Amino acid sequence: MNNENEMTYETAIKRLEEIVDTLEKNEVSLDDSMKLFEEGTKLTAFCSSKLKEAEQKITELTKE
């Protein structure tokens, strides 16, 4: 996973899509599946945080 300071919402979503595709194919070991799941969980939290930040910014802008 990239450094969170360099990662964008778009790159995180793209990586999540790659992880889902890989897991859906059932072609990786259990250990690798767990690592991918863990990475996906972190990416999901990152995306959720970015969306909350955007929502807060929009709220602030619309109040002005």
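Let me begin with a word I will lean on throughout: a residue is called buried when its relative accessible area is under 20%, exposed when that value is over 50%, and partly exposed in between. With that in hand, please keep in mind that what you see above is a predicted model.

I will start with the overall picture. The protein chain has two helices and zero strands, and its C-alpha trace spans about 55 × 20 × 15 Å along the principal axes. The radius of gyration comes to 15 Å, whereas a compact globule of 64 residues would have a value near 11 Å. Buried residues make up 17% of the 64 residues, and the chain exposes about 5300 Å², of which carbon and sulfur atoms supply 51%. If we take the contacts with a separation of 6 or more, residues 24 or more positions apart account for 69% of them.

Now to the helices themselves. Helix α1 covers residues 9–24, and helix α2 covers residues 30–63. The second of these, α2, has 34 residues and reaches 49 Å from its first C-alpha to its last, which is close to the 50 Å expected at 1.5 Å a residue.

Which residues of α2 are buried? They are Ser33, Leu36, Glu39, Gly40, Leu43, Phe46 and Cys47, and these buried residues pack against α1. From the α1 side, isoleucine 19 gives a local view of this packing, since, leaving aside residues up to four places away in sequence, Ile19 touches Leu36, Glu39, Gly40 and Leu43. A further pairing across the chain is that of glutamate 17 and glycine 40, which are 23 residues apart along the chain and whose C-alpha atoms are separated by 9.2 Å. Glutamate 17 lies in helix α1 and, with a relative accessible area of 48%, is partly exposed.

In soluble globular proteins, nonpolar side chains tend to be buried together. In this model, the largest nonpolar core has eight residues in all, namely Met7, Ala12, Leu16, Ile19, Leu36, Leu43, Phe46 and Cys47. The elements that give two or more residues to this core are α1 and α2, and α2 gives the most, with four residues.

Let me turn to the charged side chains. How many salt bridges does a search of the whole structure find? The search finds three, and I will take them in turn.

The first on my list joins glutamate 18 to arginine 15, with the closest N and O atoms 3.2 Å apart. These two residues are three residues apart in helix α1, and therefore about one helical turn separates them. Glutamate 18 counts as partly exposed at 35% relative accessibility, and arginine 15 is likewise partly exposed, with a relative accessible area of 27%.

Arginine 15 also forms a salt bridge with glutamate 39, and here the closest N and O atoms are 2.9 Å apart. Because arginine 15 lies in helix α1 and glutamate 39 in helix α2, this pair ties together parts that are 24 residues apart in sequence. Why does glutamate 39 count as buried? Its relative accessible area is 14%, and the cut-off for that class is under 20%.

The remaining salt bridge is formed by the side chains of glutamate 38 and lysine 42, at 3.6 Å from N to O. Glutamate 38 and lysine 42 are four residues apart in helix α2, so they too are separated by about one helical turn. Both are partly exposed, glutamate 38 with a relative accessible area of 46% and lysine 42 with 44%. Taking the bridges together, those that share partners join Arg15, Glu18 and Glu39 into one network.

One last residue deserves a look, and that is asparagine 26, which is found in the loop between α1 and α2. Although asparagine 26 is not a glycine, it has a positive phi of about 55 degrees. Is this residue buried or exposed? With a relative accessible area of 67%, asparagine 26 is exposed.

To close, I would return to the contact between the helices: the buried residues of α2 pack against α1, and arginine 15 in α1 forms its salt bridge with glutamate 39 in α2.

Methods: Residues are numbered from 1 along each chain as its sequence is written. This is a predicted model: local features need pLDDT of at least 70, side-chain atom pairs count only at pLDDT 80 or more; totals for chains, interfaces and linings use all residues. Side-chain values use heavy atoms; hydrogens and water are left out. A salt bridge is a side-chain nitrogen of Lys or Arg within 4 Å of a carboxyl oxygen of Asp or Glu. Buried means under 20% relative accessible area, exposed over 50%, partly exposed in between (1.4 Å probe, protein chains only). The expected span of a helix is 1.5 Å times one less than its number of residues. Contact means heavy atoms within 4.5 Å. A nonpolar core is a set of buried Ala, Val, Leu, Ile, Met, Phe, Trp, Tyr and Cys residues joined through side-chain atoms within 4.5 Å. The radius of gyration is taken over C-alpha atoms; the globule rule is 2.2 Å times the number of residues to the power 0.38. Accessible areas come from the Shrake-Rupley method with a 1.4 Å probe; for residues, only the protein chains shown count as cover.
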